[in-house]
Amino acid sequence: SIDFTKSPSSILTGDVQVLPNGQLIRTGPGFFYTMRSFIKTEEDGAMIEVEAGDIDDVGYNINGDYTSVDMSDGSAEIVNFACTKVSCDIVLFDQGFTQDCEDSRGEQFWNGVAFAKGVPRTSLSSFEIDLYCLQYPELVVNSTAEPDLKIPFELELLPGSPDGIMRNPLSDNYYYSSSYKKGEYAGFDTSFSLYEDFNAIFEGIDTEDSSIQALQIDCKEGFCDLSLIDSSFSSCKDKNSGFAYAYLGGIAVANDVPQNSLHDFKLELFCVEDITELGSIDYSVTPIILTGNLVFLENGIIRRTGPGFNYFASSNLDLQTNEVSGFYSGARLYDGGSQNLHIQCSSMGSCNIIVWTAINYECITGPTSRFIINGIAVAKGVSVDSLGSFNVDLYCVSPEAGVEIDYETDQPKKTFQAEILTNDNGAVVGLILDDDSIPMLKNTPVPF
């Protein structure tokens, strides 16, 4: 855990500047930040402040996905709520339950999952969440056993703060709404119809193995293509080789599903055979069959009735906007990974572009290479008129701790020929890197 009574390890430059498009820049390192929380506002953009309300009031709509930073160790936290006026199903994700699960798993990350089902809606001010640690070498938790720990959890609304922000007074962690709600945030509508086209990304927590899933649905003219990616498909444990124990890559797909049959369909899961080799998914093999079966709830929530997982709308469903700047993501068909794209364009028409993914195969050159979070691709000063064809340079991260990329002296590992695809309205819908085309949607980033 972090000891805040000690002197800081180092002093970083803050110096935050707010850009006209709502993005932030830390002028010291030159990093750009895109908003991933959605705060309810008035029509004129003014914040709606929460009165001294009661979190246990069943009239307060808490449903959705919320993100936070665990102040005890700096890890990312996600908590999601699927509530009726009677009870709630709650799932808590942490990148690493280090103090409680590291000893049992032997790993610091993705080592447990916590959830509480059937919590009375009038008890969100004080309840308990059951934590289940992954026991080596198992990849899924035994949710029928006694939990490893019961985590006390409290929530409160902060008087005078914007709607969409909560605090846990026990940990002093703040939670910010990171999922779109029906008609509530920025005018986006997350309602669905069997008679209308829609394209959206939904994020959920796999309560069997503590991983994060992203479900992308693209429905046109009555038929839907779906893809499901996961930072660790436990079903692929007998398929994957290489040196990644917890990262079991793959992608589950379903094509041409009738839009009125989304409640009853199957997904075909194809596993990465060797996570260290680019494009090692073999689509000619017999797939593993997963249950799709989606039920569309209110507020942009989807439930997969097979495993009982809930997914929350994280993408911008209003594709009429031609605002290019923002954060985008999509699923790569060749390895099932999440491809992230960050675009920041100035009023002068000059764009800085970041292309990021958890695993860059070009940076795996030997057993001492960093395997995950090992590189980043950047392009600076690209004219907005040249987004249809530009170069982006991939830089690899040194396996040595504390060694940063020096963009002035380091040579890029590879240069990609890139193209950003837009629809007729000018909205970004895809990214091409060399010969790979990846559908993209503006959304909140998937944390893997």
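A disulfide here is a pair of cysteine sulfur atoms within 2.5 Å. Keep that in mind, as this tour stops at several of them. One more thing before you click around: the model you have open is predicted.

**Stop 1: the whole chain**

Start with everything shown as a cartoon. You should be able to find 1 helix and 30 strands in the protein chain. Now switch on the surface. The chain exposes about 21300 Å², and carbon and sulfur atoms supply 49% of that. Of the 448 residues, 49% are buried. How much of the contact list comes from residues 24 or more positions apart? Counting contacts with a separation of 6 or more, such residues account for 55%.

**Stop 2: C236 and C271**

Colour the cysteines. The count comes to 5 disulfides, and we'll visit some of them. Select C236 and C271 first: they form a disulfide with their sulfur atoms 2.0 Å apart. Look along the S-S bond and you get -80°, a left-handed link. C236 sits in the loop between strand 15 (223-230) and strand 16 (250-258), while C271 is in strand 17 (residues 266-271), so the pair ties together parts 35 residues apart in sequence. Are these two cysteines buried or exposed? C236 is buried, with a relative accessible area of 0%, and C271 is buried as well, at 6%.

**Stop 3: C363 and C396**

Next, select C363 and C396. Their sulfur atoms are 2.0 Å apart, and they form a disulfide. This link is left-handed, with -85° about the S-S bond. It connects distant parts of the chain: C363 is in the loop between strand 24 (350-356) and strand 25 (375-383), and C396 is in strand 26 (residues 390-396), 33 residues apart. Now check the surface around each end. C363 counts as buried because its relative accessibility is 7%, under the 20% cut-off. C396 has 28% relative accessibility, so this cysteine counts as partly exposed.

**Stop 4: C83 and C88**

Jump back along the chain to C83 and C88, which form a disulfide with sulfur atoms 2.1 Å apart. Which hand does this link have? With 115° about the S-S bond, the link of C83 and C88 is right-handed. Both ends are tucked away: C83 is buried at 14% relative accessible area, and C88 is buried at 1%.

**Stop 5: a sheet of 9 strands**

Hide the side chains and go back to the cartoon. Find the open sheet whose 9 strands run in the order 29-28-27-26-25-24-23-22-30, with antiparallel pairing. Its edges are strand 29 (436-439) and strand 30 (441-442), each of which pairs on one side only. Zoom in on the strand 30 edge. Strand 22 (residues 326-331) and strand 30 run antiparallel and are joined by 2 bridges. To see one of these partnerships, select S329 together with L441, its bridge partner in strand 30.

**Stop 6: S338**

Stay with this sheet and pick strand 23, which covers residues 338-345 and includes S338. Why does S338 count as buried? S338 has a relative accessible area of 3%, and buried means under 20%. Show its side chain along with that of N340. The two side chains make a polar contact, at 3.5 Å. That's the last stop on the tour.

Note on methods:
Residues are numbered from 1 along each chain as its sequence is written. This is a predicted model: local features need pLDDT of at least 70, side-chain atom pairs count only at pLDDT 80 or more; totals for chains, interfaces and linings use all residues. Side-chain values use heavy atoms; hydrogens and water are left out. Helices (H or I, at least four residues) and strands (E, at least two) are DSSP runs, numbered from the N terminus. Buried means under 20% relative accessible area, exposed over 50%, partly exposed in between (1.4 Å probe, protein chains only). A polar contact is a pair of N or O atoms within 3.5 Å; within protein, one must be able to donate a hydrogen and the other to accept it, and residues adjacent in sequence count only if both atoms are side-chain atoms. Contact means heavy atoms within 4.5 Å. Accessible areas come from the Shrake-Rupley method with a 1.4 Å probe; for residues, only the protein chains shown count as cover. Two strands pair if DSSP finds at least two bridges between them.
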